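Work through the exercises below with the sequence and the model side by side. Each task is followed by a solution in steps.

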Amino acid sequence: MSAVDTSTPGGSEPFAEQGPSLNDLPHRATSNRTARVIASQSGERHETPESVARGDATLAEELGLLIDGATTYAIYMLDPQGRVTIWNRGAERIKGWAEAEIIGRDFAIFYPADDIAAGRPHADLARAHACGRIEEESWRVRKDGSEFLAHVTITALHDDAGALRGFGKVIRDITQDKAAEAAIVRREHHLRSILNTVPDAMIVMNENGIVSSFSAAAELVFGYAASDVIGQNVAMLMPQAEARDHDRHLRTYRETGERHVIGNVRLEHAMRNGGEIFPIELAVGEASIAGERIFTGFIRDLTNRRATERRLQELQSELVHVSRVSAMGTMASTLAHEINQPLTAIANYLEAARAMIGDSPDALLSEIAEALELAAAQSLRAGAIVRRVRAFVDGGDTGFRDERLDLLVEEATSLGLLGAREAGIAVATHVAPGGAIVLVDRIQIQQVLVNLIRNAIQSMAASPDKVLTIATAPERDGCMQITVADTGTGIDAAVRARLFEAFATTKEDGMGLGLSICRTIVEAHGGRIWAEGIATGGTAFHFTVPLAARPDSSETADQGQRR
């Protein structure tokens with residue numbers, strides 16, 4: 001097989017391949033350095049001392065151009081003693097000395113006076129020599145005496161044998177950079193101080209709902225530390241239903257731009273650390289920083305506001321309630337005045353009838369006379385009760401006196417138990433021995449007892465077992481406790497909690513004022529009244545009244561003071 005003929009059909013010129021040849025490319029002058037590199041790679045050894053000198057000069061010139069071109073850096077060299085040997089244009093611009101006036105001078109001239117006195121310049125060279133290179137930020141001095149903050153790099157330079165040849169220094173003026181950084185830091189601190197004092201919670205998150213900032217107020221509102229929330233999905237601060245909807249709303253907004261919360265103020269619910277759900281007012285803003293979309297949510301805890309609103313509603317209800325009680329008080333005073341007159345007339349008629357019968361030997365008439373006498377006494381007693389009620393409503397003197405508790409209970413029981421025997425109710429009375437003396441208004445306390453006894457009788461109307469217990473016993477803090485217990489149907493715990501409020505009643509035809517008046521009377525005596533359920537069924541009402549001071553106790557105290 002013959003060799004390929006690359007000549008033209010005429011045989012005069014070789015066949016030229018498609019594309020430019022090496023000779024067709026633009027010619028670039030080769031520097032001496034490049035020539036030496038090419039020669040060393042091709043094995044050529046045609047260098048002469050003159051060509052080497054010319055190459056070194058060219059390299060030095062190129063390096064000088066490169067160094068002089070770095071005008072934002074002061075680049076210079078020192079000999080081992082710290083004298084300046086090379087000085088670029090950047091050093092001249094930054095420090096103010098021209099090359100001709102600084103070459104050969106000690107570099108300590110660039111340090112503040114305090115640093116020179118402390119031996120700092122040559123200490124820096126010693127550190128660079130020992131470490132090979134040091135880098136720091138420190139103050140330097142210009143030719144005009146002004147100081148600037150510099151980023152300083154000092155590099156120790158050694159020859160092939162390891163001997164120190166000098167030092168290379170690179171200086172950059174960072175005064176403005178540091179001032180700008182300080183201004184940014186100040187602004188950040190100012191902004192953070194503002195955000196930390198804003199009472200509303202602030203949360204910053206990315207477009208995927210991942211929290212990047214959690215303010216101090218947010219920590220207080222939600223009960224989480226910022227470190228617990230940052231990097232987590234903001235849905236952790238929401239109830240389950242809201243969390244599910246939040247992720248869906250974010251996804252819809254990214255895909256369609258449809259807004260749900262952004263740009264609006266909405267009433268929502270959030271969840272504290274621990275699971276407590278609470279109402280919030282939520283406002284969300286949007287911003288784009290460096291192409292990244294972020295959302296900022298401002299959350300206001302409405303718990304206290306809702307509590308205040310509920311309290312206002314309660315106060316309004318209480319105001320209506322007080323007005324009703326006031327109206328009832330006025331009506332009670334009027335009724336007491338009106339009822340007292342017929343009661344007095346009834347007592348007078350009964351007394352007259354008793355006098356007309358006289359001391360008859362007829363047994364039947366004697367029993368009638370006794371009944372009339374008892375009826376007249378009870379009419380007078382009813383009149384006294386009415387007068388006491390009127391005095392109580394009017395706020396007059398109700399007559400606190402020392403009374404024997406056993407006699408007081410006995411009188412009230414005799415009135416309150418009227419009709420109890422016919423209703424099949426068994427009565428058990430347990431009075432504490434010792435004849436306790438209490439400081440009370442007898443009529444008012446008897447009114448409380450009568451009210452409790454009549455309520456107990458009514459509560460046992462449908463009970464197969466009807467037992468009414470009336471008892472007294474000492475209690476702590478110088479009080480006596482009086483108890484009226486029944487075996488009735490009992491009272492629901494929810495009703496028992498508001499049993500002593502005005503207009504609260506378990507009776508279909510009751511007005512709900514009896515127990516409220518009882519509580520007012522007992523509390524006016526410095527006591528308390530409450531109700532308890534009985535395990536076997538029924539309810540026990542307890543109230544306390546104060547014991548009267550013993551006469552000998554005050555005398556003993558006076559004697560002790562005189563001693």
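## Exercise 1: A serine in a strand

S288 is found in strand β9. The model used here and in every later exercise is predicted.

Task: Decide whether S288 is buried, partly exposed or exposed, and state how far S288 is from N206 in sequence and in space.

Solution. Step 1: the relative accessible area of S288 is 56%. Step 2: exposed means over 50%, so S288 counts as exposed. Step 3: along the sequence, S288 and N206 are 82 residues apart. Step 4: in space, their C-alpha atoms are 10.0 Å apart.

## Exercise 2: Two hairpins

Task: Describe how β8 pairs with β9, and name the residue with a positive phi in the turn.

Solution. Step 1: strand β8 covers residues 265-271 and strand β9 covers residues 277-289. Step 2: the two strands pair in the antiparallel sense, over seven bridges. Step 3: within this pairing, H269 stands opposite P279 in β9. Step 4: five residues lie between the strands of this hairpin, and G274 in the turn has a positive phi of about 115°.

Task: Do the same for β3 and β4.

Solution. Step 1: β3 spans residues 133-141, and β4 spans residues 147-158. Step 2: their pairing is antiparallel and runs over nine bridges. Step 3: E136 has V152 as its bridge partner in β4. Step 4: this hairpin also has five residues between its strands, and here G145 in the turn shows a positive phi of about 95°.

## Exercise 3: Salt bridges

Task: State how many salt bridges the structure holds, and find where R142 and D173 sit.

Solution. Step 1: the structure holds 23 salt bridges. Step 2: one of them joins the side chains of R142 and D173, at 2.8 Å from N to O. Step 3: this pair links distant parts of the chain, with R142 in the loop between β3 and β4 and D173 in strand β5 (residues 164-173), 31 residues apart. Step 4: R142 is partly exposed at 22% relative accessibility, and D173 is partly exposed at 27%.

Task: Compare the exposure classes of E475 and R528.

Solution. Step 1: the side chains of E475 and R528 meet in a salt bridge of 3.0 Å, N to O. Step 2: E475 lies in strand β14 (residues 467-475), while R528 lies in the loop between α16 (514-524) and β16 (529-533); the two are 53 residues apart and link distant parts of the chain. Step 3: buried means under 20%. E475, at 19% relative accessibility, therefore counts as buried. Step 4: R528 has a relative accessible area of 38% and is partly exposed.

Task: Which residues are linked to E136 in a network of salt bridges?

Solution. Step 1: the network consists of D115, R120, D124, R127 and E136. Step 2: E136 also takes part in the strand pairing of Exercise 2, as the bridge partner of V152.

## Exercise 4: Helix α14

Task: Check the span of α14 against the expected value, then state how many of its residues are buried.

Solution. Step 1: α14 runs over residues 442-459 and has 18 residues. Step 2: from its first C-alpha to its last, α14 reaches 26 Å, close to the 26 Å expected at 1.5 Å a residue. Step 3: at the start of α14, a side-chain oxygen of D441 comes to within 3.2 Å of the backbone nitrogen of I443. Step 4: α14 is mostly covered, with 13 of its 18 residues buried. Step 5: A456 is found in α14 and is buried, with a relative accessible area of 2%. Step 6: the C-alpha atoms of A456 and A485 are separated by 7.2 Å, although the residues are 29 apart along the chain.

## Exercise 5: A nonpolar surface patch

Task: Name the residues that form a nonpolar patch on the surface and explain their spacing.

Solution. Step 1: M331, L335 and I339 form the patch, with about 240 Å² of accessible area together. Step 2: I339 is found in helix α11 (residues 303-357). Step 3: an α-helix has 3.6 residues a turn, so residues three or four places apart point the same way. Step 4: I339 is partly exposed, with a relative accessible area of 39%.

Conventions: Residues numbered from 1 in each chain as written. Predicted model: local features only at pLDDT ≥ 70, side-chain atom pairs only at ≥ 80, totals over all residues. Heavy atoms only, no water. Patch = residues over 30% accessible without salt bridge, like charges linked within 9 Å, V, L, I, M, F, W, Y side chains within 5 Å. Areas by Shrake-Rupley, 256 points an atom, 1.4 Å probe, with all protein chains shown as cover. Salt bridge = Lys/Arg side-chain N within 4 Å of Asp/Glu carboxyl O. Helix = DSSP H or I, 4+ residues; strand = E, 2+ residues; numbered from the N terminus. Buried < 20%, exposed > 50% of the residue type's maximum accessible area, 1.4 Å probe, protein only. Pairing = 2+ DSSP bridges. Expected span 1.5 Å × (residues − 1). Polar contact = N/O pair within 3.5 Å; in protein donor to acceptor, adjacent residues only side chain to side chain.
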